[in-house]
Amino acid sequence: MAKMEIGLYDVLDQPQMEAHATAADVYEEHIRGAQEAEQMGYKYYFSIEHQTSNVSFLSAPNIYLTALARATSALRFGVMIYQLPFHHPIRLAEDVAMLDHLSQGRIEFGAGIGVTLHEFLRWNVPFDRRRDISEEALDIILQAWTQDSVTYDGEFFKFDEVLTNPKPYQQPHPPVWFGCHSAASFEYSARKNFHVSQNIDIDPVIADKFETWRGLWREQGHPEPMPRTFLTRHVHVAETDAKAREQAEPHLATAAFPEAVPAGKGRDIIGPTRIGYGPSGMRGDDPGTPERAELRRTFRERANSFDFWVDNGIALVGSPETVARKLQEQHELIGHDIFCARHQFGYLDPEAARNSIRLFAEEVMPAFG
């Protein structure tokens, strides 16, 4: 089994924005956190893009990542994922290539199709065509990185001899990751020889999906080495198991602990709008598939039960010894190459999150070095 590398998964979500006077304060704090993580030995730093969402306020990721690139020197970084249907592919290709130079080859390119209906409705992007749009966009991005010019005649994009520059610092281009949940995404990634990432399913489901993807990849006859796999999970480490649970539980099982939301915070900014979350029957690739049913079950169960989080590997919570053991067991089951820990979540006390990052770096990470 391949050695597992470790990084930080850092989300600029609604609680983060509510805790600061301005967005500038949020960006500064998280860039400082990335610098500290680099010094502690974390190898990767990832966040996530969303549009018109309280899930992530990283709506202009390339600007943030440029600041992060200039504030760090060793971290490999990126967003996992860019929501491709919301991007002009030539512009994104050029932006990421320039960012690759500014960081001297440290960017990792995470791509995906997006899953949140209301974001697409608000941007007037056809939700049911997002996969087709994304595949065209990614074809164009790869051409822009590897060919002298881009001429493309697609359904959604048409270009005539676009001269793109610069070409990426990394050759032939930055590593390409694809965020996969559906069978179609894993098949596509295997066919295109992309690395794959996961963040939602329970451990046994991810293990099965990754193994199926490996088989599909082998069937394609690609040359070695096999692309890598990425997993991110919520992680909270404290001095004892009891203390870790006490601190983390209210911010994981959110429906069971509504009192964990500070007074005046946590306002639903999406539901009261005219569009809301969109018609319920349209959410997801196919509401009737077993995959979608399993995802809905996972979201429902984890909102109500801390034990569901920890029993299924969605969160690793405990003392350093407990978290190291659980991480090893998870790695043996799934065989992922990169693990990213999300230490700040919900309204968890920032000092407790910083202590978790420190304990994880000092007492968990050495077991995997």
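A residue is called buried here when its relative accessible area is under 20%, and in this predicted model that criterion picks out, along helix α13 (residues 350–364), Ala352, Ala353, Asn355, Ser356, Ile357, Leu359, Phe360, Ala361 and Val364. The elements that cover these buried residues of α13 include β1 (5–9), α2 (23–40), β10 (229–237), α9 (241–252), α12 (320–334) and β12 (338–342). The length of α13 is as expected, because its 15 residues at 1.5 Å a residue should span 21 Å, and the C-alpha atoms at its ends lie 20 Å apart, which agrees.

Helix α4 (residues 89–102) can be read in the same manner. Its 14 residues should span 20 Å at 1.5 Å a residue, and its end C-alpha atoms are indeed 20 Å apart. The buried residues of α4 are Pro89, Ile90, Leu92, Ala93, Glu94, Val96, Ala97, Leu99 and Asp100, a list that includes the acidic residues Glu94 and Asp100. An α-helix has 3.6 residues a turn, so residues three or four places apart point the same way. After α4 comes Gln104, whose phi is positive, near 55°.

From α4 one can turn to the strands on either side of it, since β4, α4 and β5 make a right-handed β-α-β unit. Strand β4 (residues 82–83) pairs with β5 in the parallel sense over two bridges, and in this pairing Tyr82 stands opposite Ala111 of β5. Strand β5 also pairs with strand β8 (residues 176–179), again in the parallel sense, here over three bridges, and the partner of Ala111 in β8 is Phe178. Within β5 (residues 109–112), Phe109 and Ala111 point one way while Gly110 and Gly112 point the other, and all of them are buried.

A comparable arrangement surrounds strand β2 (residues 44–47), both faces of which are covered: Tyr44 and Phe46 on one side, and Tyr45 and Ser47 on the other, are all buried. Strands β1 and β2 pair in the parallel sense over three bridges, with Tyr44 of β2 as the bridge partner of Gly7. Strand β2 is also joined by four bridges to strand β3 (residues 76–79), to which it runs parallel, and there Ser47 has Val79 of β3 as its bridge partner. Between β2 and β3 the chain passes through helix α3 (residues 61–71), and this β-α-β crossover is right-handed.

In soluble globular proteins, nonpolar side chains tend to be buried together. The largest nonpolar core of this model has 77 residues, and those with the most contacts inside it are Tyr42, Phe109, Leu138, Trp145, Leu327, Phe339 and Phe360. Helix α6 (residues 130–146) gives the most to this core, with eight residues. Leu138, leaving aside residues up to four places away in sequence, touches Leu84, Phe109, Ala111, Val176, Phe178, Tyr188 and Phe194; among these contacts are Ala111 and Phe178, which are the bridge partners in the pairing of β5 with β8. A second, separate core of 17 residues includes Ala248, Trp309, Val310 and Val317.

Several points of the backbone deserve separate attention. Most residues other than glycine have a negative phi, and most peptide bonds are trans. The peptide bond from Asn165 to Pro166 is cis, with omega near 0°, and Pro166 is placed in the loop between β7 (158–162) and β8. A cis peptide bond also joins Glu224 and Pro225, with omega about 5°, and Pro225 is found in the loop between α8 (203–219) and β10. Glu161, although not a glycine, has a positive phi of about 50°; this residue lies in strand β7 and counts as exposed because its relative accessibility is 55%. Asn193, likewise not a glycine, has a positive phi of about 65°, lies in the loop between α7 (183–192) and β9 (195–198), and is partly exposed, with a relative accessible area of 31%.

The cysteines remain to be considered. The structure holds zero disulfides. The sulfur of Cys180 is 16 Å from the closest cysteine sulfur, that of Cys340, which is too far for a bond. Cys180 is buried, with a relative accessible area of 0%, and Cys340 is buried with a relative accessible area of 0% as well.

Definitions and conventions:
Residues numbered from 1 in each chain as written. Predicted model: local features only at pLDDT ≥ 70, side-chain atom pairs only at ≥ 80, totals over all residues. Heavy atoms only, no water. Buried < 20%, exposed > 50% of the residue type's maximum accessible area, 1.4 Å probe, protein only. Pairing = 2+ DSSP bridges. Right-handed = clockwise from strand over helix to strand, strands pointing away. Core = buried A, V, L, I, M, F, W, Y, C linked by side-chain atoms within 4.5 Å. Contact = heavy atoms within 4.5 Å. Expected span 1.5 Å × (residues − 1). Disulfide = S-S within 2.5 Å.
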